[in-house]
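The following exercises ask you to read a structure step by step, with a worked solution after each task. Please look over the sequence and the structure before you begin.

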Amino acid sequence: MKRSNALAGMVLVLSLGGISAAVDAAECPKGKIKIYTSWPLQGAMLPEGTGMKNGVELALIQNNNQAAGYCLEMVNLDDASPQTGKWDGAVEAENANKAVADPDAMVYIGTYNSGAAKVSMAITQRANMAQVTPANTYPGLTKKQGAAPGEPEIYRPRGIVSFFRIPPADDIQGTVGANWAKKLGHHKVYILNDQELYGKGIADVFETEAKRLGLEVLGNEGIDYKQPDQKPVLTKIRATGADLIYMGAVVETGAQVVIRQMKDLGMLAPKVSFMGPDGLFEQELLKAATCDAAMGVDMRITFASKPFEKMTGKGAEIYKLYKERYKIEPTSYALYSWEAGQVVVDAIKRADAKDREKIRAAIAATKDFDGLNGKWSFDANGDTTMDVMSGFKVVKADTPVGCKYEFDAVLK
Amino acid sequence: MHWSELIIQQTINGLTRGAIFACIALGYTMVYGIIELINFAHGDIFMLGLMVSLTLFAALGLAHTLGPWELLIFMPLILVLTMLITGFLNLAVDRIAYRPLRRAPRLVPLISAIGVSFMLENLALVWKGPYVLSYPDVFPSFDILRDVFHLESEIYVTSKDLLVIGVTIPLIFGLHFFVTRTFWGKAMRATAQDPETAAAMGIDVERMIMLTCFIGGALAGAAGMVHGLYYNIGQWWMGYQAGLRAFTAAVLGGIGNMPGAALGGFVIGFLSTWSDQYISARWTNAVVFSILILVLVFRPHGLLGEPAPEKH
């Protein structure tokens with residue numbers, strides 16, 4: 001049936017387009033496999049969206065757009081709503097439904113926003129289609145640690161693992177952060193969190209790991225960031241004699257005021273320092289009054305990858321290739337998207353079949369993949385075993401704000 | 001750190017926190033006192049006070065920490081401008097959303113107040129965007145005890161703490177003087193007590209309402225600017241939370257009673273500070289509201305409020 005379709009198509013194309021189509025057909029003895037991608041491709045997200053598209057494309061080009069005798073075709077969908085320019089659940093659902101309805105579609109690469117993944121991952125699973133994300137880091141998509149009640153089972157209607165994650169999940173940052181704190185010589189930590197999923201999840205993981213490492217955890221306290229004044233809590237922390245405040249939060253949930261008020265209360269390094277996850281890794285945070293304070297508290301941030309210039313081996317090679325081809329620095333998730341594309345191509349080669357279930361199983365079985373930061377595998381949840389991260393600190397700089405984040409160490 | 005130092009430090013923390021609550025609560029209570037309307041948009045006027053002053057600083061090209069002369073010239077100028085703008089804004093809100101409903105059942109203007117609150121929030125959202133705004137560090141921040149008095153101590157008071165106290169306390173006392181000692185204040189109180197009789201005595205009731213709304217808005221604007229200078233951040237939704245706390249303060253002190261609102265603001269400032277210290281920050285809202293309920297069970301008219309006959 002499919003064979004005759006392809007033949008019919010070939011005849012049609014031949015009669016219209018001449019010789020090039022014949023070459024295509026000769027190179028695709030087994031037919032065509034489509035790979036759908038879905039993330040925002042407009043508005044403020046256009047640079048990142050394009051970078052991610054380039055990343056997947058680069059992986060396909062490296063393989064001559066072929067795997068196991070199948071021709072590979074990428075179909076890029078946009079999951080942003082034209083009204084808001086931001087991801088939209090309805091659009092994402094439509095994209096996923098479009099992909100699963102296409103008989104040639106075998107894999108779905110996406111999304112950028114974890115919220116969007118919550119919508120599409122159940123749809124792709126019902127159709128037995130593997131979904132690979134180059135960007136979602138919310139832990140609850142794949143595991144219980146740092147998740148809301150019922151996650152991740154609610155996203156797995158068939159009870160199988162069909163969602164695979166290339167970047168390390170957020171909670172790993174808690175683990176890495178605790179190890180870094182110990183290495184930096186801290187003994188007594190006080191943990192704050194913004195009582196949101198991301199921040200609390202990371203704070204809890206940090207607490208567990210810190211205790212395992214023998215650090216004294218003086219508290220893990222949820223703060224009310226809608227009430228910006230944190231002086232009373234900080235005064236209390238100062239009285240406990242903590243030498244590190246770790247804060248699980250994002251830029252919007254009050255870390256700026258915490259850092260400033262630490263300075264106001266004389267809580268400065270080396271007496272007290274500040275550390276947080278990559279939710280705080282934004283230039284915005286350093287604006288206005290925060291520079292002095294951030295340097296004063298020796299602010300440190302963990303980040304779930306290595307800076308591109310610090311990559312070695314495969315990572316360095318792909319970084320160079322990307323820059324040569326696209327004449328631009330990769331965006332944050334562009335190279336993770338290359339990794340996603342390469343993982344999919346590898347799996348199709350191993351599966352050697354145009355069959356969603358076989359390709360899903362092959363992706364799940366990915367082992368010792370030669371990735372950007374070294375070899376890794378997928379664990380039973382569909383998470384990467386890669387845990388290489390980097391640590392940044394705030395240093396004085398000749399920027400409009402007066403300081404910047406500087407790469408400090410590779411962390412594990 | 002000695003326990004007495006801890007108590008002194010937390011008292012200072014509670015005082016600055018409470019001063020801002022008190023300043024917002026006053027506007028709430030004034031408007032309630034005169035038209036018996038819980039002006040839910042009041043918190044958003046406070047938020048717009050922050051945004052307006054931020055815009056004024058930007059328009060004057062002041063993004064750096066100001067020197068003494070600049071402080072003396074620009075700080076009062078921008079404070080007054082901000083208060084005028086938010087005062088007139090509150091006036092406009094009253095004119096558009098409340099005045100046509102003056103004779104309607106009481107629930108009607110309450111709903112329109114909630115509507116105005118949403119409108120103002122969305123106005124700020126469109127105007128300044130959804131992100132955390134960085135308020136420039138225009139007010140110099142230094143450590144009073146060490147840098148000025150060269151005292152070595154575990155207690156920290158910054159120039160910004162003094163700013164908060166220095167702006168809000170005179171405003172609170174100035175308002176108290178205005179209401180108790182001036183002719184206009186007397187007319188306002190008369191209108192609040194009994195609008196019909198006041199009108200019969202030749203007081204222009206609508207004008208008194210306008211004056212009250214203007215003063216309430218101006219106070220909220222001042223609180224917004226002080227909040228910006230003190231915390232250096234602002235966001236479009238901040239008015240809701242601040243308004244809720246201030247409303248609570250006004251009720252605690254006895255709604256309609258101005259010294260009560262100021263007292264309620266400070267009481268809530270201290271209570272939330274002690275709760276952060278001795279219980280846990282995540283329980284602070286629960287603690288504050290439990291105490292509020294307890295107080296109201298035993299003193300339904302609030303700490304300083306007196307039972308007043310219903311107006312008709």
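**Exercise 1.** Which side chain has a polar atom 3.1 Å from the backbone nitrogen of Y333(A)?

*Solution.* This is a predicted model, in which local features need pLDDT of at least 70, side-chain atom pairs count only at pLDDT 80 or more, and totals for chains, interfaces and linings use all residues. Residues are numbered from 1 along each chain as its sequence is written, chains are lettered from A and ligands numbered from 1 in the order in which they are written, and side-chain values use heavy atoms, with hydrogens and water left out. The side chain is that of E48(A), and a polar atom of this side chain also lies 3.3 Å from the backbone nitrogen of S332(A).

**Exercise 2.** Place E48(A) in its helix and state whether it is buried or exposed.

*Solution.* E48(A) belongs to helix α3 (residues 46–62) of chain A, where a helix is a DSSP run of H or I with at least four residues. E48(A) is buried (under 20% relative accessible area, 1.4 Å probe, protein chains only). E48(A) has no salt bridge (a side-chain nitrogen of Lys or Arg within 4 Å of a carboxyl oxygen of Asp or Glu), and K53(A), the nearest side chain of opposite charge, is 13 Å away.

**Exercise 3.** Identify the edge strands of the sheet with the order β8-β7-β9-β10-β11-β14-β15 (chain A).

*Solution.* This open sheet has seven strands with mixed pairing, strands being DSSP runs of E with at least two residues that pair if DSSP finds at least two bridges between them. Because β8 (216–222) and β15 (403–411) of chain A each have a single partner strand, they stand at the edges.

Conventions:
Buried < 20%, exposed > 50% of the residue type's maximum accessible area, 1.4 Å probe, protein only. Lys, Arg positive; Asp, Glu negative; His and termini not counted. Polar contact = N/O pair within 3.5 Å; in protein donor to acceptor, adjacent residues only side chain to side chain.
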